[in-house]
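Let's take a friendly walk through this model, with a stop at a pocket, a helix pair and a few backbone details.

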Amino acid sequence: MELVKLVAKKRIFLFGTILFLTVSAVLAESKKDTIISIPKSDTVRIKKAQIFETPGATLMYQRPKPFGFILNVPSDIYRMGKAAVSKKNLPELAAILAGSALLVAVDQPVTDAVQQFGRYLSIDPARKSKTLIAFNIGDFKLNAMEVPDNLNSTFYYLGEGWASVLIAGGFYTYGLAANDYRALQTTSQIAESIFALGITTQFLKRITGRQSPFRAMEGPNPVPGGDWHPFPYPSKYQKSVSNFDAFPSGHLATAMATLTVLSSNYPDNKYIKPVGYSLMGILAISMINNGVHWVSDYPLALAIGYTCGKIVSSRGHQIIPRLSSEKGSNSAFLPVFQGNGSVGLSYRATF
């Protein structure tokens, strides 16, 4: 399996991706601003925005405030909870819970089959990483940045916060260089979803207390499917996290939210969904192979990630109604910010 070993050693692709995004940002063309008016009490506020044409809609973005997304996190969590128990979503919630329950019954056979297939391909299931950046604070060592050290761990890291941070960093670099509000909003939304999902999934993990596969199958008395210990004591949870934190998968929820944010902001990009879903499938299999998650941990995680991504991305842009559905007749006059405090008028037409 020389190919597997070769791919496992090519961890430098992460840095190549950053370099590519940075070079693209330097070469990016600066976007033009448009003036919009926002009603406020008896007055209006004039702000800058940018308009992007996509096949299905015309999207308008404002520049996000630095770290302004943090103030949205409590509202995001509330809206996710409200969406879960709303009357119109109850059938979907029931289907997710029923599907999860059915998958619990086949968790162990699926895990055994995936791990056997991994051994057949000579894929090391161990979670291995190398520390690139570390800080020593007294007797405490903080590993600030780690990179995967084998193929399965490389796939596993796709769901780690670092992958989403790298993607957000690329969009942020491009957004600053090109003065692209859509890219900057995408960065802000990915960061917002990471915070919102971190709190939400931790809350659910500490309620359900499900044992991870590698812990369930170790020792002289393995427990097929793993044990459930609802509402574990916080101190007990912290001492043995892997005995309680399998359900739902925070990795898959984060990956799903990131993909949803990207596809919502760039609906005209035909590669985001097929590439993203393919990588998520690899991530899901790798987490079963290394014994971190059961397959039944995934349905709720996907639903949470998708819901969070939709809520977060809905804040960052407005959909401008098309003037006409007939091709070639969608046009309008709009004010344009020219710089140095001056404004002008532009004519926009979609063909």
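Helix axes that make an angle over 145 degrees count as roughly antiparallel. Keep that cut-off in mind for the helix pair below; also keep in mind that this is a predicted model.

**A helix pair**

The axes of α4 and α13 cross at roughly 150 degrees and come within 8 Å of each other. The two helices, α4 and α13, are therefore roughly antiparallel. If you want to find the contact in the viewer, look on the α4 side for Ile96, Ser100 and Leu103, which meet Pro299, Leu300 and Ala303 of α13. Sorted by class, this contact between α4 and α13 holds five nonpolar residues, one polar residue and no charged residues.

**The second largest pocket**

Both of these helices turn up again here: α4 (90-104) and α13 (298-315), along with α3 (73-85) and α8 (181-208), each supply at least two residues of the lining of the second largest pocket. Which helix gives the most to that lining? The answer is α13, with seven residues.

The volume of the second largest pocket is about 670 Å³. In total, 23 residues line the second largest pocket, and those nearest its centre are Met80, Ala83, Ala84, Ile304 and Thr307. By class, the lining of this pocket is made up of 15 nonpolar, five polar and three charged residues.

**Aromatic rings**

How many aromatic pairs does a search of the whole structure find? It finds seven. One aromatic cluster is formed by Phe67, Phe69 and Phe195. A pair of aromatic rings is described by how far apart the centres are and by the angle of the planes.

**Backbone details in the loops**

A cis peptide bond links phenylalanine 247 to proline 248, with omega at about -10 degrees. Proline 248 sits in the loop between α10 (234-239) and α11 (250-265).

Two residues that are not glycine have a positive phi, and both are in loops. Here they are side by side:

| Residue | Phi | Loop |
|---|---|---|
| Asparagine 179 | about 55 degrees | between α7 (161-178) and α8 |
| Phenylalanine 231 | near 55 degrees | between α9 (213-216) and α10 |

The helix α8 that follows the loop of asparagine 179 is also one of the helices lining the second largest pocket. Likewise, α10 borders the loop of phenylalanine 231 and the loop that holds proline 248.

How values were computed
Residues numbered from 1 in each chain as written. Predicted model: local features only at pLDDT ≥ 70, side-chain atom pairs only at ≥ 80, totals over all residues. Heavy atoms only, no water. 1 Å grid on protein atoms, 1.4 Å probe; cavity = no way out; pocket = protein on both sides within 12 Å on 5 of 7 lines; lining within 4 Å. Points joined across faces, edges and corners; volume = space filled by probe spheres on them. Helix = DSSP H or I, 4+ residues; strand = E, 2+ residues; numbered from the N terminus. Nonpolar A, V, L, I, M, F, W, Y, C, P; charged D, E, K, R; others polar. Axes fitted to C-alpha atoms, helices over the stretch in contact; angles between N-to-C directions. Parallel < 35°, antiparallel > 145°, perpendicular 65-115°, else oblique. Contact = heavy atoms within 4.5 Å. Phe/Tyr/Trp six-rings, centres within 6.5 Å; stacked < 30°, edge-to-face > 60°.
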